[in-house]
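Visitor: I would like to learn how to read a protein model step by step. Could you walk me through one?

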Amino acid sequence: MRVVITGAGVVGLATAWQLASDGHRVTVLERREGPGLETSFANGGQLSYSYVAPLAGPGVLGKVPGWLLRRDAPLRWHPRLDPAQWRWLAGFMRACNGTASDDTTRKLLRLAFHSRDRMQALLAQRSIDFDFARRGKLIVHRDAASFDAARRLLDYQAQLGSEQQALDRDACIALEPALAALGERIAGAVHTPSEEVGDCHRFCRALAGLLAAHPDVTLRFGATVRGIAHAGGRVRGVETGDDFVEADAVVVAGGIGSAALLRPLGLRPPLWPLKGYSITVPVTSGAGAPHISVTDFARKIVYARIGHTVRVAGMADLTGSPTRPDPRPDPERAGTLLTETRQVFPGLADGHALHDLQPWAGLRPATPSGLPLIGESRMPGLWLNIGHGGLGFTLAMGSASLLADTMAGRRPAVHATDYAATLA
Ligand SMILES: Cc1cc2nc3c(=O)[nH]c(=O)nc-3n(C[C@H](O)[C@H](O)[C@H](O)COP(=O)(O)OP(=O)(O)OC[C@H]3O[C@@H](n4cnc5c(N)ncnc54)[C@H](O)[C@@H]3O)c2cc1C
């Protein structure tokens, strides 16, 4: 089949790789000048295959009022007179109840495990360099109640196949001495030894390199898809500003940009841009820098050692709208990341000003529950691979494989209906 893929972020590129491996003729159209320049650019770098706790969890709603009052809160919300925003928030609140959150966790874990398998298959087959490393991950809790809740989730995730253990404060610092400064403020941590990290942008560039060398793949940058053409009730191709690209199937994998593209077709996937931030701190002496990935659970900030840097990422600002996303960075939010880094790992960021640390903002394409939408939409021939929220790097390879299996009529490794894009 001739397949057009909209978007060369990590999800679109992984999809292109999978579909080209299946023998399809693939054209990837990307509006930016290169691969992975939007949300896939400077994310947290974590391949969180075993710890996928969705943002919508049972403890979150109780914290929201306090967060709304603090300028440095991990989650910020700018209320709008927009029914779509309220619908998204209502969906988010429904997803926060214990049963719904457990169900989301189970589905995310299945897809994440599958993703890890597909990533391992790719790395066994091709030699690509994106600062990939298996460093393990520590989720550090600052209060006893949240540590207890994490232990309960850990039991649940263990039944589903995750290998994790709870550590007390001393064991946690013994494992990652760079956490010593937090000392008494650590209530405990969850350790997942198998978790991996990598540079998502370099991964995108590596995938684009493999695709560029593939005889059945065309990559076009600076090519904005303006509309999806259909006739007789099925997709026929896409319009760019310059030409029409005919296709038997179109896969929309445009991250948050997907909403504007789908709207004229009457498709309104439940996506909202959740703006997040990162800074990238060079590790000059090694002193004070963590080796293991660390998540500060209370602050919702991740610290990942990627090559000779520590990527610090976090914050979730519910801002803009799906069809008018607002990518502008707020220097205050990136500044909060620097302040937190100085407190958690003193020494690491000393002597650096914010502008030295490549402050960056990206828009997570978030669904209320945290589950992506993968599969054929209501319009025959139009496929979606969207809504990966804060886990797109982790889930990209598995999502691509699920989409390719469904397209080929093969039985996928995970239940396709759990992520069905017909909801859009
Ligand atoms: C602060 C932060 C930290 C994160 N940390 C992690 C992490 O540690 N681990 C993890 O797994 N995930 C993480 N994520 C989430 C992850 O980055 C995203 O889920 C992922 O990048 C989404 O990939 P995507 O390909 O769907 O979207 P994008 O990377 O945004 O790619 C979509 C592409 O489509 C293009 N496009 C859109 N519309 C059009 C159009 N009409 N025509 C042509 N091209 C178009 C865009 O230009 C873009 O390049 C983080 C996100 C943020 C913001």
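Guide: Happily; we will go from the whole protein to a few of its parts, keeping in mind that this is a predicted model.

Visitor: Let me start with the overall picture. How many helices and strands does the protein have?

Guide: There are 10 helices and 21 strands. The radius of gyration is 21 Å, close to the 22 Å that the globule rule gives for 424 residues, so the protein is as compact as a globular protein of that length. Along the principal axes, its C-alpha atoms fill a box of roughly 65 × 45 × 45 Å. Buried residues account for 57% of the 424.

Visitor: Now a strand. Why is β2 said to be largely enclosed by the rest of the structure?

Guide: Count its buried residues, meaning those under 20% relative accessible area. In β2 (residues 25-30), five of the six are buried, so the rest of the structure largely encloses this strand.

Visitor: Which strands pair with β2?

Guide: Strand β1 (residues 2-6) pairs with β2 in the parallel sense over five bridges, and Val-4 has Thr-27 of β2 as its bridge partner. Strand β10 (residues 217-221) also runs parallel to β2, joined by five bridges; there, Leu-29 stands opposite Arg-220. Helix α1 (residues 10-21) completes a right-handed β-α-β unit with β1 and β2.

Visitor: How do I check the length of a helix such as α5?

Guide: Compare the expected span with the distance between its ends. At 1.5 Å a residue, the 16 residues of α5 (residues 144-159) should span 22 Å, and the end C-alpha atoms are 23 Å apart, which agrees.

Visitor: And which residues of α5 are buried?

Guide: First the general idea: an α-helix has 3.6 residues a turn, so residues three or four places apart point the same way. In α5, the buried residues are Ser-146, Phe-147, Ala-150, Leu-154, Tyr-156 and Gln-157. The buried residues of this helix pack against α4, β6, β7 and β8.

Visitor: What do I find at the two ends of α5?

Guide: At the N-terminal end, Asp-143 acts as a cap, with a side-chain oxygen 3.2 Å from the backbone nitrogen of Ala-145. After the helix comes Gly-161, whose phi is positive, near 110 degrees.

Visitor: One last residue: is Ser-377 buried or exposed?

Guide: Ser-377 is buried, with a relative accessible area of 5%, and sits in the loop between β20 and β21. A polar atom of the Ser-377 side chain lies 3.1 Å from the backbone nitrogen of Met-379.

Key. Residues are numbered from 1 along each chain as its sequence is written. This is a predicted model: local features need pLDDT of at least 70, side-chain atom pairs count only at pLDDT 80 or more; totals for chains, interfaces and linings use all residues. Side-chain values use heavy atoms; hydrogens and water are left out. Buried means under 20% relative accessible area, exposed over 50%, partly exposed in between (1.4 Å probe, protein chains only). Helices (H or I, at least four residues) and strands (E, at least two) are DSSP runs, numbered from the N terminus. Two strands pair if DSSP finds at least two bridges between them. A crossover is right-handed if, with the strands pointing away from the viewer, the path from the first strand over the helix to the second runs clockwise. The expected span of a helix is 1.5 Å times one less than its number of residues. Contact means heavy atoms within 4.5 Å. A polar contact is a pair of N or O atoms within 3.5 Å; within protein, one must be able to donate a hydrogen and the other to accept it, and residues adjacent in sequence count only if both atoms are side-chain atoms. The radius of gyration is taken over C-alpha atoms; the globule rule is 2.2 Å times the number of residues to the power 0.38.
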